[in-house]
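Reader: Could you take me through one part of this structure up close? I'd like to hear about the ring-bearing side chains and what sits around them.

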Amino acid sequence: MVRLHASPLQGFTDFRFRNAFQRFFGGIDQYIAPYIRVSGKMEIKAANEGDILPANNLSLDLIPQIITKDAHEFLFVAKYVQEFGYNELNWNLGCPYPMVAKRGMGSGLLSKPEKIDEILERVSAETDIRLSVKMRLGYESPQEIFRVLPVLEKYPLVNITIHPRTGKQLYKGEVDLKAFEECIGQSSHTIFYNGDITSVQSFRDMKDCFPTIDHWMIGRGLIADPFLPAMIKSDSPVYPENRYEVFSSFHDTLFDSYEEALSGPKHILMKMYSFWEYFIQSFPNSPKSLKKIKKAQSLSVYREVVKQIVHEEAVKGAKLKL
Ligand SMILES: Cc1cc2nc3c(=O)[nH]c(=O)nc-3n(C[C@H](O)[C@H](O)[C@H](O)COP(=O)(O)O)c2cc1C
């Protein structure tokens, strides 16, 4: 059985995106929220709170995520999310960004299995929240994970998601499928695969490589092509007839929710442009489109440009069918 999970992408997959996505596309069984990072003052940012508020996530199954290297912070967030009714917390051991990793968080903690052990020991003793982990192969070296997996064996984790790259790689280079295979052999936990699933075919290829994996996590591919999860679920690369109508309604819903949340056209345009850097991958015949979107200085021009781009694509699609 194929179960699909939506990767957290800080700055993209917040509750506004998730709700719009769930309404127009679906195909995702569970979402992970972008990570919560508490300040030294043990405060949760209002944006993080709004993002996991059950009232803002009524139509979807959501797991909150934490990034930390501190058991005390971990326990604080565990209690906090439990108060909202969550019974699972995902631990981010994968974030590759130097600002985070150099501070010993995210993938920066993977070279310290003893520290991971210490944190998990205390956290699992002091809270009954269920824990899952999302990780890379290491920060410097893809071998780091092989000292971490035996530590994770000691704890009753719900699952481990592995993105088979190192932190140092960021998103460059290939995913290391051989190392991922080795990880499967070295863990008795349920392993989720995550990385570079961008088409039905790339999913089929991964599934052929790892026939024992049932859980797949999709991040950038889901933003670039929001139809992808549903197409994977139906094992068909065929888009619905009304593809561009659906995309257009999704886009407008997303736009409206950011227009309501953000102050001033500049912020809204920047937000939508960052989505378009992904969306544009589904508009292969519009190389100039992204530039046009970038150039739009007002919301009305932006709306007009988007309408044109989507319309052009719809017309092309219709002609191809003739
Ligand atoms: C802009 C951006 C933000 C991300 N934010 C998070 C995050 O908050 N938590 C996390 O675990 N991973 C985060 N990731 C990593 C993704 O969840 C995912 O593991 C990665 O993109 C690989 O999967 P993909 O190839 O399907 O995109 C982020 C990635 C990107 C590109």
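Author: Let's start with a bit of vocabulary. A charge sits over a ring if NZ of Lys or CZ of Arg is within 6 Å of the ring centre and within 35 degrees of the ring normal. Keep in mind that what you're looking at is a predicted model.

With that in hand, look at Y239: the charged end of R243 sits over its ring, 3.5 Å from the centre. You'll find another case at Y171, where R136 lies over the face of the ring, 4.9 Å from the ring centre.

Now for rings meeting rings. Searching the whole structure turns up 29 aromatic pairs. One of them is F25 with F250, an edge-to-face pair with 4.8 Å from centre to centre and 75° between the planes. This pair links distant parts of the chain, as its partners are 225 residues apart. F25 is in the loop between α1 (15-24) and β2 (30-32), while F250 belongs to helix α11 (residues 243-261). Are these two rings buried or exposed? Buried means under 20% relative accessible area. F25 has 11%, so F25 is buried, and F250, at 0%, therefore counts as buried too.

Stay on helix α11 and you come to Y258, which pairs with F275. This one is tilted, with 5.9 Å centre to centre and 35° between the planes. F275 lies in helix α12 (residues 265-279), so the pair ties α11 to a part 17 residues apart in sequence. Both Y258 and F275 are buried.

Rings also turn up among the neighbours of I63, a residue in strand β3 (residues 62-63). I63 has just 6% relative accessibility, so it counts as buried. Leaving out residues up to four places away in sequence, I63 touches Q30, Y31, I32, A33, E88, L89 and N90. From I63 to V123 is 60 residues in sequence and 17 Å in space, C-alpha to C-alpha.

V123 takes us to a place where two helices meet. Two packed helices are described by the angle between their axes and the distance between the axes. For helix α3 (residues 71-83) and helix α5 (residues 113-126), the axes come within 9 Å and cross at roughly 35°. Their crossing is right-handed. On the α3 side are A71, H72, F74 and L75, which meet I119, R122, V123 and E126 of α5. By type, the residues of this contact split into five nonpolar, one polar and two charged.

Methods. Residues numbered from 1 in each chain as written. Predicted model: local features only at pLDDT ≥ 70, side-chain atom pairs only at ≥ 80, totals over all residues. Heavy atoms only, no water. Helix = DSSP H or I, 4+ residues; strand = E, 2+ residues; numbered from the N terminus. Buried < 20%, exposed > 50% of the residue type's maximum accessible area, 1.4 Å probe, protein only. Contact = heavy atoms within 4.5 Å. Axes fitted to C-alpha atoms, helices over the stretch in contact; angles between N-to-C directions. Left-handed = near helix turned anticlockwise from the far one by under 90°. Nonpolar A, V, L, I, M, F, W, Y, C, P; charged D, E, K, R; others polar. Phe/Tyr/Trp six-rings, centres within 6.5 Å; stacked < 30°, edge-to-face > 60°.
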